[in-house]
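Here is a friendly walk through a multi-chain model, with the helices, the sheet and the chain contacts taken in turn. Keep the viewer open as you read.

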Amino acid sequence: MFNYTFQWKQALARLPQMLDGAVVTMQVALLSMAIGIALAVVLTLFRLSGSRILSGIATSWVEIARNTPALFQIYMAHFGVASFGIHFSPWTSLLLGITFNNAGYLAENFRGALKAIPDTQARAGRSLGLSELQAFRFIVMPQMLRISFLPMTNQMVWAILMTSLGVTVGMNTDLYGVTQDLNALTFRTFELFAVAAVIFYLITKVIQLGARLLARRMFRY
Amino acid sequence: MKFASIIAAAVATASMAAPALADKLDDIIASGKLRCAVVLDFPPMGSRDANNQPIGFDVDYCNDLAAALGVQAEIVETTFPERIPALVSGQVDIGVASTSDTLERAKTVGFSIPYYAFENAVVANDKVEMADWEGMKGKTVGATAGTYEAIWLEGQVKEWGEGQFRPYQNQADVFLALSQGQLDATVSTVEVAEANVKSGNFPGIRIVDKAPMVPDYVALIALRSEHGLIDYLNLFINQQVRTGRYAELYAKWVGEGEPADLTIKGVYR
Amino acid sequence: MFDTALSANDLIFLAKGAGMTIFVTLIAVFFGTVLGIVFGIFRYQVGPVIAAPLTFVLDVFRSIPLLIQLVLANAFLGMVLRLGLSGLTVACIVLTLYTSAYCAEIVRGAIESVPQPVRRAARSLGLSWRQDMTNIVLPLAIRVGLPSWIGLSLGVMKDSALVYVVQVTELLKSTQILITRLQEPLLLLMICGAFYFLISFPVARLGGYLEKRWTHD
């Protein structure tokens, strides 16, 4: 049918190496997500703090993260900051880049979620004797995280997809990096990347399924 | 069932018939255009001048070939990892991109006879103590993803069992990382190493030693099935050497001395 | 840091790259939106069972890194089908389909959001609307969908930075080319980042403004 001979065996023989890469990809994405959520909560607090400096920092972070390409952010985390003599390994640079991006997007999601939580709730908490931080921690934040759960799942999928950008900063242990290395050896571009695509697809499905189960557990809609 | 298979056969023949008549060489001549994949961050083989126009040994080589074919040359910039996808996806007709002719790769693409041969050098950051190539053991080293030296260096790091290997997407990123101190050392072709040290673009780096590798014979690449084109490329390379153009380009881009010998003693191609 | 070898020529070179970024984005967003609306309405009308194959294909575009989509499409169209398309064409095709996959989702979500005003997704977007207007599907759906669509368009612009893998010299790639020659990574990256920011930020603000205005009417 096609004027091309597929060599799937050559690609499938490398499957174990690619699966190792998939593990690294998941590690980076999960870590970036965990740190990203924590940072996004902090950024949200900064925005609520009323302090001009703090909310300025938070706003700049969010706007830069949302208005420049992720590839740019990762490249910057490696080559940009090195101009100041700060050196990160490819793994760290990739993690930093994605985390920066995650935190920015999630903080914006949290802001949207906060609008759905009436002020009166936090005020009621305050009048019960909770401190401002306690009111946020026990009343506002749980609802905020629940409302943002779907955007968070999407962000997690994006984090997985973003790991593929690590090659630009010398990463070769993640799924994309491994695939590209193998491609340099064998030049079997189509077969290798098709296998990588299937693995990526399965990872995102597992994450979405996991998120759905988790949501059912946690929120009991 | 029978009817369907007849139709399928007819469609298949119809779709196959047209391209089977002319081969790539004919296509190039007919289209009046030769599209070459060239890596442009690989001085002196390929780089850009102050107007961001492509220049270098490989660029001239492509121009010469186009002139021989009587067509216009079109330089398509690719990175090392992207040159094969560019070739097999038909965005370029050939690659003049310092492609090492390994047996593993020859399973996928067609190689001409070698048109150049590199020796490789170890380049280190000034702050790192290193006497010879074995000093790279245990250090953070890197090279350009998808190149002969990267494959060698990664193998070497694995063999040593210590240290770290990082492939970057292009030569410039490797030297940038080396100059910034993110890498302790790299292996690159002697030509590239000397050009980069000399240019002053990358302060704080020095050439340490030659890398103990078999010379890196690089060839032009075309689709594996295009024998007519590959035959033409072979003759073209032979003519470049025969007419002295090879030595001329070497003097223009690389410098003094003898250009690398492209023959291997004791064996036919 | 401002003692630079950057010439007017190089700035024009960068501007050309930015032009390419905008060109690819406009093509992808335009055709991707048209396709996305068709796909979205189709999915809503025929129900989940019949639309399953389409849903699956669109989902694939959202589950695989764009980088791999580009490499694969490039290899498939060129190597297997031998169409001999230019890198720019491949980039536009892939980005269009990529856009349409997200856009279809936005369209379907917007339509579905109309009869059920208190859906969580819409709430997280901060939108609310009067129930007595549910019979006017289109204007309401547009109100729900437009801010996401603006976000998607900006996302496509940023993602278009990846088309360098199919030999298209867009903004980030032109920046890298200049870094190669001039070795001033920080300055050049700043300029590149500023370019993106200047295009993206005002549009994002416009989206935020529309979102806010429509929430309160």
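Helices and strands here are DSSP runs, a helix being H or I over at least four residues and a strand E over at least two, numbered from the N terminus. With that in hand, please note that this is a predicted model.

**Chain A and its annotated spans**

Let's begin with chain A. The unreviewed UniProt entry carries the annotation "domain: ABC transmembrane type-1" for residues 18-211 of chain A. In the model, that stretch is 82% helix and 0% strand, with its end C-alpha atoms 24 Å apart. UniProt's unreviewed entry also lists a "transmembrane region" at residues 24-46, 156-173 and 193-215 of chain A. Two of these spans can be set beside the annotated domain:

| Span of chain A | Helix | Strand | Distance between end C-alpha atoms |
|---|---|---|---|
| residues 18-211 | 82% | 0% | 24 Å |
| residues 24-46 | 100% | 0% | 32 Å |
| residues 193-215 | 100% | 0% | 33 Å |

How do helix H2 and helix H9 of chain A cross? The axes of H2(A), residues 15-48, and H9(A), residues 175-186, come within 7 Å and make an angle of roughly 150 degrees. Angles over 145 degrees count as roughly antiparallel, and H2(A) and H9(A) are therefore roughly antiparallel to each other. On the H2(A) side the contact is formed by Gln17(A), Met18(A), Gly21(A), Ala22(A) and Thr25(A), which meet Leu175(A), Gly177(A), Val178(A), Thr179(A) and Leu182(A) of H9(A). By residue class, this contact splits into 5 nonpolar, 5 polar and no charged.

**Where chain A meets chain C**

Chain A also touches chain C, through 38 residues of chain A and 33 residues of chain C. On the chain A side, at least two residues each come from helix H3 (52-67), helix H4 (70-82), helix H5 (90-115), helix H8 (149-162) and helix H10 (189-219). Of the elements on this side, H10(A) gives the most, with 10 residues. The chain A side holds 23 nonpolar, 11 polar and 4 charged residues.

**Chain B and its mixed sheet**

Chain B brings strands into the picture, with 10 helices and 12 strands. Its C-alpha atoms fill a box of roughly 75 × 50 × 45 Å along the principal axes. Of its 269 residues, 51% count as buried. Among contacts in chain B between residues at least 6 apart in sequence, 74% join residues at least 24 apart.

Within chain B there is an open sheet of 5 strands in the order S4-S1-S5-S12-S6, with mixed pairing. Why is one side of S4 and of S6 in chain B left without a neighbour in the sheet? Strand S4 (72-77) and strand S6 (109-118) of chain B stand at the edges and have a single partner strand each, so one side of each has no neighbour there. From one strand to the next, the twist averages 30 degrees.

The pairings can be followed across the sheet. S1(B), residues 33-38, and S5(B), residues 94-100, pair in the parallel sense over 2 bridges, and Cys36(B) stands opposite Ile94(B) in S5(B). S5(B) and S12(B) run antiparallel and are joined by 3 bridges; here Thr99(B) stands opposite Ala219(B) in S12(B). S6(B) and S12(B) also run antiparallel, joined by 7 bridges, and Phe118(B) stands opposite Asp216(B) in S12(B).

Is strand S12 of chain B mostly covered or exposed? S12(B), residues 216-223, is mostly covered, with 8 of its 8 residues buried. Helix H3 of chain B, residues 57-69, lies across S1, S4, S5 and S6 of chain B and runs at about 160 degrees to S1(B).

**Where chain C meets chain B**

Finally, 18 residues of chain B are in contact with 20 residues of chain C. On the chain C side, two or more residues each come from helix H1 (8-50), helix H3 (66-80) and helix H7 (171-182). H3(C) provides the largest share of that side, 6 residues. The chain C side divides into 9 nonpolar, 9 polar and 2 charged residues.

Conventions:
Residues are numbered from 1 along each chain as its sequence is written. Chains are lettered from A and ligands numbered from 1 in the order in which they are written. This is a predicted model: local features need pLDDT of at least 70, side-chain atom pairs count only at pLDDT 80 or more; totals for chains, interfaces and linings use all residues. Two residues are in contact if their C-beta atoms, placed from the backbone, lie within 7 Å. Ala, Val, Leu, Ile, Met, Phe, Trp, Tyr, Cys and Pro count as nonpolar, Asp, Glu, Lys and Arg as charged, and the others, Gly among them, as polar. UniProt positions are given in the numbering used here, feature names are shortened, and annotations may be inferred rather than shown by experiment. Axes are lines fitted to C-alpha atoms, for helices over the stretch in contact, and angles run from 0 to 180 degrees between N-to-C directions. Angles under 35 degrees count as roughly parallel, over 145 as roughly antiparallel, 65 to 115 as roughly perpendicular and the rest as oblique. Two strands pair if DSSP finds at least two bridges between them. A residue is buried if 20 or more other C-beta atoms lie within 10 Å of its own, exposed if 12 or fewer, and partly exposed in between; C-beta atoms are placed from the backbone.
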